[in-house]
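Please open the structure in a viewer and keep the selection panel at hand. The tour below proceeds from one selection to the next and describes what is found at each stop.

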There are 2 protein chains.
Amino acid sequence: MLDTFMLGAIEAGGTKFIAAVSDQDLNVIDKISVPTTDPNQTLGKVADFFSSYSIAAMGVGCFGPLDLNHSSSTYGYIESTPKLAWKGFNILGALQAQYRIPIALNTDVNVAAFGELKRGAAVGEQSCIYITVGTGIGGGVVVDQQIFNGCHHPELGHIAVKRLPSDTFAGICPYHADCLEGLASGPALAKRANQEPNQIAKDDPIWELEAYYLAQAIVTYSLILSPAKIILGGGVMQQEHLLAMVKASVSQQLNHYIELPNLDNYIVRAQLKNEAAIIGGFILARDALRSE
Amino acid sequence: MLDTFMLGAIEAGGTKFIAAVSDQDLNVIDKISVPTTDPNQTLGKVADFFSSYSIAAMGVGCFGPLDLNHSSSTYGYIESTPKLAWKGFNILGALQAQYRIPIALNTDVNVAAFGELKRGAAVGEQSCIYITVGTGIGGGVVVDQQIFNGCHHPELGHIAVKRLPSDTFAGICPYHADCLEGLASGPALAKRANQEPNQIAKDDPIWELEAYYLAQAIVTYSLILSPAKIILGGGVMQQEHLLAMVKASVSQQLNHYIELPNLDNYIVRAQLKNEAAIIGGFILARDALRSE
């Protein structure tokens, strides 16, 4: 292993790619953001950025679904996505061909969860779930301080939820009539209220609905994965009043069937804000270098 | 490690305890079943049985919820349970005091999942979920060939499910109006039909409901845990026609959002029937001995 080295990270999102370089202590040296257009153009701009630096390894958090099954012939490919230019694109292969260094790839939310566990809201814990509530709803899972993929990777945003009887909103997911993302993502809120989520009044009953669905999902995740912490991030969670409403609804829906830790310690805000996936990416890169 | 040794296993269920002794190759040497009354009486009869054998280690699958957090002061205790004689009972401590050998404790369903992965329906896989549909609905999880507990342990039977609009049944869970166990366990079926599940006609629409709820839970587990196999066991699953209905409903509810493996390989019957937790217990015992 080199005495001193630099690390690269990419957060590959549906609207923009963020690329960053850090020193070996994970201090950011440089960073850019480029719009997500097509693979050639976007990765070309990312390559221009990295060409000024000699990075030793790279960690990539990418929108999914991704094929992360090491024994699959399409390992490292982006699977079905509405972003057609990227559908079936071998993003890991493209990056490996370009950089010829160790590259760790996982989903954006898994890498963000890893960043929050290592440097953010779940430092010192063995496990966490990171949920981002924004344009979509996604979640990442860390177990035993490692990203949890299972055979594919978690798809926390598309679980079915039971509706409040009063809720007749059609939902916005093209796949499912009653999934979490379809009923409670930012665009779902906007469509319910006919205005942007950050403009909906704090006392609008829409927030009770929102809290109820997020809390229901948190109870389900807790019963199935039993993590040490649930971390909430994303644009919708920037509505300060929402977190307390979610915690109250979790308590009500769980109804003491199991005892969770004190909810103020268990359900917490993301600490790394927009940095979680980049910091997680640096740490994945460092781990990839160490396991060389 | 001894050259030859015997292993013990206990399946501690709510109505009966099964205790068994095997040789080092997991061949059963002797086995008994005793009714679950109170801890003194039940464990006394189990001790009488084991007193004829010199076992080197023991694996125990016990009804839950259990405290399996190693850093807890009540590690190895049975937590809240309607079986009041056992509530708060330190079952691991009682067994350790009695036998003074390595003892591995986990939930009955987790140990059964482990048995099915090692010797049953998921041999060769890295992960599985075992779901038993009977007096209650419970589930065990194996990840990377190890029992998965998280901070507590999975409680798969009590996740909320969305109802079919036509379903006005009140449910039978005292904690939750719409949880899987409350709507789809054996007693729920019996109450819906006013007869025992094995007497309900195969073409009764109740089975469509049952398949729908089980399938919904399987989709949720799949999205969150992404296992290699889902294994179904328990009394209700002995209705032969139900498995195909469950698979059809999974396919419909998932609606191609992610691609699961071929459902005939993915959703399968338990192979070890009533032996899964005992076989899993023997293997846990052997592992405990090896890690001494």
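**A guided tour of the predicted model**

The residues that line the second largest cavity comprise eight nonpolar, no polar and no charged. This is a predicted model.

**The second largest cavity**

Select B:I131, B:V133, B:L180, B:L214, B:A217, B:I218, B:Y221 and B:L232, which form the lining of the second largest cavity. The space enclosed there is about 40 Å³. Colour β6 and α6 (206-225) of chain B, the elements that contribute two or more residues to this lining. The greatest contribution comes from α6(B), with four residues.

**The largest cavity**

A search of the whole structure yields two cavities of 30 Å³ or more. For the largest cavity, with a volume of about 40 Å³, add chain A to the display: A:F148 and A:G150 belong to its lining, together with B:S127, B:C128, B:I129, B:V141, B:V142, B:V143, B:L225 and B:P227. By class, this lining holds eight nonpolar, two polar and no charged residues. Next, highlight β6 (128-133) and β7 (137-143) of chain B, each of which supplies at least two lining residues. Of the elements, β7(B) gives the most, with three residues.

**The five-stranded sheet of chain B**

Now show chain B as a cartoon and find the open sheet of five strands, ordered β3-β2-β1-β4-β5 with mixed pairing. Its edge strands are β3 (28-35) and β5 (103-107) of chain B, each pairing on one side only. From one strand to the next, the twist averages 15°.

Select β4 (residues 55-62) of chain B beside β5(B): the two pair in the parallel sense over five bridges. Within this pair, B:G59 stands opposite B:A104 of β5(B).

Two helices may then be added. Helix α3 (residues 108-119) of chain B packs on the sheet and touches β1 (6-12), β4 and β5 of chain B; its direction makes about 105° with that of β5(B). Helix α9 (residues 276-290) of chain B also packs on the sheet, touching β1, β2 (16-23), β3, β4 and β5 of chain B. The direction of α9 makes about 135° with that of β1(B).

**The relation between the chains**

Finally, display both chains in full. Chain A is superposed on chain B by a rotation of 180° with 0.0 Å of shift along its axis, at an RMSD of 0.0 Å. The two copies are therefore related as by a two-fold rotation axis. Centre the view on A:K162, whose C-alpha is the nearest to the axis in chain A, 2.0 Å from it. Both copies use the same surface, as 100% of the contact residues of chain A recur in chain B.

Notes:
Residues are numbered from 1 along each chain as its sequence is written. Chains are lettered from A and ligands numbered from 1 in the order in which they are written. This is a predicted model: local features need pLDDT of at least 70, side-chain atom pairs count only at pLDDT 80 or more; totals for chains, interfaces and linings use all residues. Side-chain values use heavy atoms; hydrogens and water are left out. Copies are superposed by least squares on the C-alpha atoms of residues with pLDDT of at least 70 in both. Contact means heavy atoms within 4.5 Å. Two strands pair if DSSP finds at least two bridges between them. Axes are lines fitted to C-alpha atoms, for helices over the stretch in contact, and angles run from 0 to 180 degrees between N-to-C directions. On a 1 Å grid over the protein atoms alone, a cavity is a set of points where a 1.4 Å probe fits but cannot get out, and a pocket is an open set with protein on both sides within 12 Å along at least five of seven lines; lining residues have an atom within 4 Å of a point. Grid points are joined across faces, edges and corners, and a volume is the space filled by probe spheres set on the points. Ala, Val, Leu, Ile, Met, Phe, Trp, Tyr, Cys and Pro count as nonpolar, Asp, Glu, Lys and Arg as charged, and the others, Gly among them, as polar.
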